[in-house]
Amino acid sequence: MKYYIVIPAHNEQDLIGLTLQSLVSQTVLPSKVVVVNDNSTDKTEEVVLSFAKENPYISVVNKTSDAIHMPGSKVIQAFQKGFETLDSDYDIIVKIDGDLIFPPNYFETIIKHFESDSKVGMAGGFCYIDKNGEWVLENLTDKDHIRGALKAYRKETYQQIGGLRPAMGWDTVDELLCKYYDWKIITDESLHVKHLKPTGANYNKTARYKQGEAFYTLGYGFWITAIASAKLAMMKKKPFLFLDYIKGFMKAKSAKTPLLVTPEQAKFIRNYRLQKMKKKLI
């Protein structure tokens, strides 16, 4: 199976080389790697071009955008720019961040998951962060969720879910739509990926409300949002974030912000989330 990778990158000169080195060291190499240099003011492009010289399947696309780092929209707009430069001769499309180090067998293992079952729509490993010299699981989500930093999609799945949404919540709605269309999602705990910059390290205050807005646009409704917000605030060990998330939800509701899903999909999502919550209580 052929896989293409798109890497949105903003000012990643110190880390993108480590990511690319881990990609060119894979036991099964990617057919194409596009790095989208998104408004960088450092030497990100030069680092990528030095890899492209030795590895012709690597290329760089330059994009100008707002320098403010807002979760969701900026990164997916950059991804889209890179995706548009690719042909459709792939089996798996991968979106990764430019601050990861993959083990050499990562993509060989991911391909095996897709080959083992034609109903597997998405697959991924787990992010680990450095804590006092030890690599520990970046425990922000449930074990059945693939982190936005390393998403791999079967081509047919990617097309059926309508690609990625340029909004916060994109990396949840993709999986919920996978479930809606009856695709399987595989998370492989044996695949440890080093995440060099912890998630959310650069988000500004406005971004804090975005999570609540994302819950609204996923069609969660108030009570599921409240439970999800409490859980996330506790996982991040910042209880006051709960209030920010609820404020974001209410703001989006009063502004009648459009949902990322259809009413039918939103109903399915609410039922699915409620079932999952009930299972945890039993």
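**Exercise 1. What percentage of the 282 residues in the protein chain do buried residues make up?**

Solution. Before starting, note that this is a predicted model, in which local features need pLDDT of at least 70 and side-chain atom pairs count only at pLDDT 80 or more, while totals for chains, interfaces and linings use all residues. Residues are numbered from 1 along each chain as its sequence is written, and side-chain values use heavy atoms, with hydrogens and water left out.

Step 1: a residue is called buried under 20% relative accessible area, exposed over 50%, and partly exposed in between, with a 1.4 Å probe and protein chains only. Step 2: by that rule, 50% of the 282 residues in the protein chain are buried.

**Exercise 2. Describe the overall dimensions and the secondary structure of the protein chain.**

Solution. Step 1: the radius of gyration is taken over C-alpha atoms, and the globule rule is 2.2 Å times the number of residues to the power 0.38. Step 2: a compact globule of 282 residues would have a radius near 19 Å, and the 18 Å of the protein chain agrees with this. Step 3: along the principal axes, the C-alpha atoms fill a box of roughly 55 × 40 × 40 Å. Step 4: the protein chain holds 10 helices and nine strands, where helices (H or I, at least four residues) and strands (E, at least two) are DSSP runs numbered from the N terminus. Step 5: taking contact to mean heavy atoms within 4.5 Å, residues 24 or more positions apart account for 77% of the contacts with a separation of 6 or more.

**Exercise 3. Work out how strand E4 is covered and which strands pair with it.**

Solution. Step 1: E4 spans residues 92–96, and five of its five residues are buried. Step 2: Ile92, Val94 and Ile96 lie on one side, with Ile93 and Lys95 on the other, so that both faces of E4 are covered. Step 3: two strands pair if DSSP finds at least two bridges between them; strand E1 (residues 3–9) and E4 pair in the parallel sense over four bridges, and tyrosine 4 stands opposite isoleucine 93 in E4. Step 4: strand E8 (residues 150–154) runs antiparallel to E4 and is joined to E4 by five bridges, with isoleucine 92 opposite arginine 154 in E8.

**Exercise 4. Follow the chain through helix H3 and the loop that leads to E4.**

Solution. Step 1: the buried residues of H3 include Val75, Ile76, Phe79 and Phe83, and the buried residues of this helix pack against several elements, among them E1, E4 and helix H6 (170–180). Step 2: aspartate 87 has its place in the loop between H3 (73–83) and E4, and it counts as partly exposed because its relative accessibility is 35%. Step 3: leaving aside neighbours within four places in sequence, aspartate 87 is in contact with Tyr4 and Lys32. Step 4: aspartate 87 and lysine 32 are 55 residues apart in sequence, and their C-alpha atoms are 9.9 Å apart in space.

**Exercise 5. Examine asparagine 132 and lysine 237, looking at phi, location and exposure.**

Solution. Step 1: asparagine 132 is not a glycine, although its phi is positive, at about 50°. Step 2: asparagine 132 lies in the loop between strand E6 (120–131) and strand E7 (134–137), and its 83% relative accessibility makes it exposed. Step 3: lysine 237, also a residue other than glycine, has a positive phi near 55°. Step 4: lysine 237 is found in the loop between helix H8 (222–235) and helix H9 (241–254), and at 71% relative accessibility it counts as exposed.
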